[in-house]
Each structure stands twice: as structure tokens, then as C-alpha cells.
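Got the model open in your viewer? Let's take a short walk through it, one selection at a time.

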Amino acid sequence: MQTRTPSTVIVVGSGIVGAGTAYFLAKRGVAVQLLDAAAPAAEATGAADGAVSVASKRPGPMMQAALAGVALYRELAQAGLFADIFKTRSTFIIASSNEECTVLTSHADALAGAGVRVERLGAAMLRERFPALSSNAMMAVEVHDEGHAIGYQIVHRLLTASGTLVSRRTPVEGLVTAPDGRRIVAIATPQGNIHADAVVIAAGNGSGKLLGLEQILTPRKGQLLITERAPALNAAMAGSIMSGRYLLSKGSQPAGNGKPARGLGLVIDPLSTGQFLIGGTREDHGDRRTNDIDAVSHILADAVALVPELAGVRLLRSFAGVRTAVADSLPLIGRVPGLENAYVATGFEGDGICLGPITGKVMSELVCGESPCIDIAPFDPARFPRLGVAA
Ligand SMILES: Cc1cc2nc3c(=O)[nH]c(=O)nc-3n(C[C@H](O)[C@H](O)[C@H](O)COP(=O)(O)OP(=O)(O)OC[C@H]3O[C@@H](n4cnc5c(N)ncnc54)[C@H](O)[C@@H]3O)c2cc1C
């Protein structure tokens, strides 16, 4: 175990988790080298929705971690760091079928039990609060004190505020261990080996190859849509909308009749630009370069069914990103088993924008030999016995 603050730390990956780690380490005076195979926010972080939200989290450790994650966003917004890039708003989870009402009721109980401020809205109340919604909406749960942030803006802010420069186009190809195999002495890149006192792997889907985790991590594609500006409709939306089916697609609640086809679950986020961000799919492969008309038309049809006025709003573009999913649906946060000075933070699936900054804080605490500010025992990488440095 690392027993003192290291002087130098290499962070592999400049998504939101790597950038958050670099920020909190730099604040402690640690010299950080942040390396990326491509560029900051080049992968999931740059192609995400951006809900900073407890609403869709699975009850248990993920819900608890998300509460801390949202609280940290609020704190950093108040401190000025995220002031103009963290939009606060409620999330409305909407049920449009009896099955969704059942799921939503138990999810609302779980949220309330975790200390989240929730309000149940029956059909009439919902119509009053949210006139843009179709009459298909049977009930809703308003989850208060949530927010939205664009991943690449958060990364940019963390890097500039900490003065961290990213070594771009520097793929880490392997980890070099000491002869006894208990420490990392360097990381291997095409430009040569780089040495540091400790290493943090925050390489999203790239972490699998570095740590021999290919069987545990799955790339999970998501397709998203952005509309043109529609200021009046946008202003009439009291918060973001999440379909009850989204909870099933994400596995936040058990799906009675199986998961929705293509993992379709609807989220409509009114952005501060006046546009709408609409998603999305969950597809277990990693090709982020393509969108397909089947997914796009299904997402649009679902969105218009819930907010009919969206039919008059033009679609500007579609894009896709690839989440990193873990076999047991919990992220990996902690020390790499068997290695004194190597740490990993990956596998955040659809929750890494919310959890990125708090994870960065936790990683800085771990690397400096302190107890983490949240309970990360459920996320301990050691739960996968095969985890270790790839040969
Ligand atoms: C469609 C979609 C919607 C989403 N919506 C939300 C949401 O609403 N709310 C939410 O909280 N989360 C959301 N997410 C999830 C969130 O985007 C991710 O969980 C988060 O961005 C993961 O951040 P990361 O830093 O772990 O990984 P990434 O952002 O994937 O960053 C990893 C970085 O590591 C680099 N890298 C990889 N391999 C190597 C290597 N060998 N050497 C050097 N560098 C390497 C990559 O180039 C990349 O820049 C969404 C994701 C997607 C795709």
C-alpha cells in the first residue's frame, strides 16, 4: 500500500475520470502526467448526455455514490469552478403504462429511502406542472436537486483550472512491473517508457487491455440526438424527462418482461442552449462511428409520443458514444490487486459524468494513502480475481 503522498503520478486517460483525478492530485501539489491515446474527452466523455443525476441509479451503492457525486457538482459550482457549466434542474421520471407505474413506484420508494427529495405527481397534477406532456403520461416522480453538465466542458474546466497539460496521441501499451511483480516501475508508450511513483488507469474501454479485463468490461454503445433550438417549448419544460422504460433499459429496476429491444429508453433533456438532447440506446458493441435510421426513428417516435410538440422541432444531428460496462454493473474503483502503486477507475457505464469528479477526488485520496470520502468497498477491483496486469 502507498503510505505517503507520491511526488509524481501518471494518469492514463483524459476522460472525465482521468481529468478529475489529475485536478484533485494537482491541487495537492502532486506532479501529474496525464496521457491519452487520442485527446481529452475523445471517448465516452465527449459523446454523453450529461445527466448529473441520482434519479436513474440502481438502489444501493450506486445511488449512494451518485448522491455524493451530485453534491460535489453543486459544491464546485458554488465555488466557481463549474459555475456556468452545471445547470440545476429536476428530473421527471414518467410512467406511461401499468408496468412502468409499478416500476416507478418501487424506484421512488428506493430514492426516498436513500434521502433523495422526490415528489409523486398523479396525472392531473402532472398535466398542470408539465403541460407539454402527452396524455399518455399516467404518473411521474419529480426528483429534485439534479443537474446537467456537458462532459467535455467539465474536462476542459478541470484541466485548465489545475494547469494540467495532456500528452495527446500517447497510447499506453503496457505496464512495466518491478522484478518481484509488486510495483509498477514504468508505463510503456511508443515514445518510450515513462516513470512515476504511482499510476492511475482511467482509460475507459482501453483499461481492459491494460489490466487483462477484456472478459469483464463490455463496450456499450449509445445513440443520441440533438434538435434545433426551440426556446418556447424548452422554457416550458420544468426539467428533464426520463421514461419509466429507461429504468428498465439501464437495469436500475428489474425488468419483468425482459429488457426493451435495443435497450431503448427515453431521456429528453432541455439544454440551456434552448435545444433538446434526446436519447438513447444501449447496444453491446463499440462502434461509435455510426448511427442507424432504425434507432434514430424509434427514439424520435418515442419522444414525440411523450412530448407531441417535438414533432415540429427539427433534428440537427445524431451521434454515438461508447460506455464501459462491467459484468456486475458496478464500476471498478480502487487499487489494482497485487500492485502497491497502481489504481484503476473505470466501468462507469452511463453514470460517469455524474460520478467522474467524485471519483477523481476519491482516486487522489487513495493515491495519497488516505481513506476515501465515500464508501468504495462495493467497487473494489479485487472482486474479480482474474484482474491483474496484462502479460
Ligand atoms: C451515449 C451516452 C450517454 C451517456 N449519458 C450519461 C449521462 O447522462 N450521465 C452520466 O453520468 N454519464 C453518461 N454517460 C456515461 C459517461 O459518458 C461515461 O461513464 C464517462 O464519460 C466515462 O468517463 P471515463 O473517463 O471513465 O472514460 P472515457 O471518457 O471513455 O475516457 C477514457 C480515455 O482514455 C483514453 N484511452 C483509452 N485507452 C488508452 C490507452 N491505452 N492509453 C492512453 N489513453 C487511453 C481514451 O482515448 C479516452 O480519452 C453516457 C455515455 C454515453 C456513451
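Start with empty space: a search of the whole structure turns up one cavity of 30 Å³ or more. A cavity here is a set of points, on a 1 Å grid over the protein atoms alone, where a 1.4 Å probe fits but cannot get out; points are joined across faces, edges and corners, and the volume is the space filled by probe spheres set on them. The largest cavity holds about 30 Å³.

This is a predicted model, where local features need pLDDT of at least 70, side-chain atom pairs count only at pLDDT 80 or more, and totals for chains, interfaces and linings use all residues. Numbering runs from 1 along each chain as its sequence is written, and side-chain values use heavy atoms, leaving out hydrogens and water.

Now select A65, P331, I333, L355, I358, T359, I374 and F379, which line that largest cavity (an atom within 4 Å of a point). Helix α10 (residues 352-367) gives the largest share of the lining, three residues. Helices are DSSP runs of H or I, at least four residues, and strands are runs of E, at least two, numbered from the N terminus.

Next, jump to α3, residues 98-113. Color E100, C101, V103, L104, H107, A108 and L111: these are its buried residues (under 20% relative accessible area, with exposed over 50% and partly exposed in between, 1.4 Å probe, protein chains only). They cover an arc of only 165° around the axis, which puts them on the same side of α3; the arc is taken from the directions from the helix axis to the C-beta atoms. Flip to the other side for N98, T102 and G113, which are exposed.

Last stop: G115, just after α3, with a positive phi of about 95°.

Notes: The expected span of a helix is 1.5 Å times one less than its number of residues. On a 1 Å grid over the protein atoms alone, a cavity is a set of points where a 1.4 Å probe fits but cannot get out, and a pocket is an open set with protein on both sides within 12 Å along at least five of seven lines; lining residues have an atom within 4 Å of a point.
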